[in-house]
Amino acid sequence: MFIRTGWGAYFKSNPKLYAGENSPGPSLGGAEFLIKQGARVVGDDTLTFEMRPPVVKAPKFQVFPVHMRLIADSGIYIIENLNLEELSQAKAYEFAVVVPPLKVLGGTGSAVRIFALVPRD
């Protein structure tokens, strides 16, 4: 499941804002929703796939709590910095996603070139 927040437009037009200390994204409640929906891969158009700053202070202090809940606890992959603008403009809400992996021995993450296969009408 991919989430278009609209923040991706700032990647080129306002990189300082895009990479700044605040941005939209799922909260822990959003992570729980994605888990309950059976998501196996999630992504969005922000620098980090969760609200920034990614810190929760209550009921206990956590850094990157959405990442921990999705990746560590649930085995759900996260893809960040997606360009979802063309899919949004085309109103493509269902599509196949191809994620060719880089072969990085011992790596836990890498840059990838992802593309969507959208059916033609």
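Which residues of helix H4 (residues 65-74) are buried? I began my notes with that. The model is predicted.

**Entry: helix H4**

I looked up the buried residues of H4. They are Pro-65, Val-66, His-67 and Leu-70. Next I asked what these buried residues pack against. I found helix H3 (28-36) on the list. Four strands complete the list: S2 (41-44), S3 (55-56), S4 (62-63) and S5 (77-79). Then I checked what follows the helix. Gly-75 sits just after H4 and takes a positive phi of about 65°.

**Entry: aromatic pairs**

How many aromatic pairs does the structure hold? I counted three. I looked at two of them.

I took Phe-2 and Phe-95 to begin with. Their ring centres are 6.3 Å apart. Their planes meet at 40°, so I noted the pair as tilted. I then traced where the two residues sit. Phe-2 belongs to strand S1 (residues 2-3). Phe-95 lies in the loop between helix H5 (85-89) and strand S6 (96-98). The two are 93 residues apart, so this pair links distant parts of the chain. I checked exposure too. Phe-2 is partly exposed, at a relative accessible area of 25%. Phe-95 is also partly exposed, with 25%.

I turned to Trp-7 and Tyr-10. Their ring centres lie 5.0 Å apart. The planes stand at 75°, so I wrote the pair down as edge-to-face. Are the two partners buried or exposed? Trp-7 counts as buried, at 14% relative accessibility. Tyr-10 is partly exposed, with a relative accessible area of 31%.

Technical notes: Residues numbered from 1 in each chain as written. Predicted model: local features only at pLDDT ≥ 70, side-chain atom pairs only at ≥ 80, totals over all residues. Heavy atoms only, no water. Phe/Tyr/Trp six-rings, centres within 6.5 Å; stacked < 30°, edge-to-face > 60°. Buried < 20%, exposed > 50% of the residue type's maximum accessible area, 1.4 Å probe, protein only. Contact = heavy atoms within 4.5 Å.
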